[in-house]
Amino acid sequence: MTTVVRIDLGPCINCSLCRLACPTECIHYFSTGQRTHVVDPSGCIGCDICVRVCPVDCIDEDPDYLIDPEQLEQAKGKARVFAKRRHDVKVARRERAVVAAGAVAHA
Ligand code: SF4
Ligand code: SF4
């Protein structure tokens, strides 16, 4: 069963690693007008990527949040687009490296 996560703001050091890694871009910084990172639970798919990158272990499951199945499907769709975008960037970077290596070899 999917469970969304929430950030314990006390120990959070605002490093932004979770926000940059989140595949649904549902972790927001400064959305409350303060220097805090907050998870928008309606966009969370419970993938735990943020939990794994957090250096101070301050992200945990939020058992109180009731997931709307429709919102969850939308969030999963967003994560798929995010993953494809990252994959395309990686492939393009690899192709550029191969072309550059070829140019050096023929110089
Ligand atoms: S569990 Fe996944 S989708 Fe939810 S906030 Fe963390 S990285 Fe984003
Ligand atoms: S990774 Fe952890 S410490 Fe860094 S901003 Fe996110 S919740 Fe805060």
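Start at ligand 1 and colour its shell by residue class: nine residues are nonpolar, two polar and one charged. The model is predicted, so treat each stop as a feature of a prediction.

**Stop 1: ligand 1.** Select Val5, Cys22, Pro23, Thr24, Cys26 and Ile27. Then add Cys44, Ile45, Gly46, Cys47, Asp48 and Cys50. Together these residues surround ligand 1.

**Stop 2: ligand 2.** Move to ligand 2, which has 13 residues around it. Which of them come nearest? Select Cys12, Cys15, Ser16, Cys18 and Cys54. Now colour the shell of ligand 2 by class: ten residues are nonpolar, three are polar and none is charged.

**Stop 3: the cysteines.** How many disulfides does a search of the whole structure find? Zero. Take cysteine 26, which is in no disulfide. Draw a distance from its sulfur to that of cysteine 22, the nearest cysteine sulfur, and you should read 3.8 Å. Cysteine 26 also belongs to the shell around ligand 1. Is cysteine 26 buried or exposed? It counts as buried, because its relative accessibility is 4%.

Next, select cysteine 58. Its closest cysteine sulfur is in cysteine 54, 3.8 Å away. Why is there no bond between them? The sulfurs are too far apart, since a disulfide needs them within 2.5 Å. Cysteine 58 has 6% relative accessibility and so counts as buried. Its neighbour in this pair, cysteine 54, is among the residues that come nearest to ligand 2.

**Stop 4: the core.** In soluble globular proteins, nonpolar side chains tend to be buried together. Here the largest nonpolar core has 14 residues. Select Ile7, Ile27, Val39 and Ile59, which have the most contacts inside this core. Ile27 has already appeared, in the shell of ligand 1.

Stay on isoleucine 59 and show its contacts. Leaving out residues up to four places away in sequence, isoleucine 59 touches Val5, Arg6, Ile7, Cys18, Cys50, Val51 and Cys54. Val5 and Cys50 also lie in the shell of ligand 1. Cys18 and Cys54 are among the residues that come nearest to ligand 2.

**Stop 5: the whole chain.** Zoom out and switch to cartoon. The chain has three helices and four strands. Follow them from the N terminus: the order is β-α-β-β-α-β-α. The radius of gyration is 18 Å, well over the 13 Å that the globule rule gives for 107 residues, so the chain is more spread out than a compact globule. Turn the C-alpha trace along its principal axes: it spans about 60 × 30 × 25 Å.

Finally, colour by accessibility. Of the 107 residues, 26% count as buried. Among contacts with a separation of 6 or more, 66% join residues 24 or more positions apart.

Key: Residues numbered from 1 in each chain as written. Chains lettered and ligands numbered in written order. Predicted model: local features only at pLDDT ≥ 70, side-chain atom pairs only at ≥ 80, totals over all residues. Heavy atoms only, no water. Near = heavy atom within 4 Å. Nonpolar A, V, L, I, M, F, W, Y, C, P; charged D, E, K, R; others polar. Core = buried A, V, L, I, M, F, W, Y, C linked by side-chain atoms within 4.5 Å. Buried < 20%, exposed > 50% of the residue type's maximum accessible area, 1.4 Å probe, protein only. Contact = heavy atoms within 4.5 Å. Helix = DSSP H or I, 4+ residues; strand = E, 2+ residues; numbered from the N terminus. Rg over C-alpha atoms; globule rule 2.2 N^0.38 Å.
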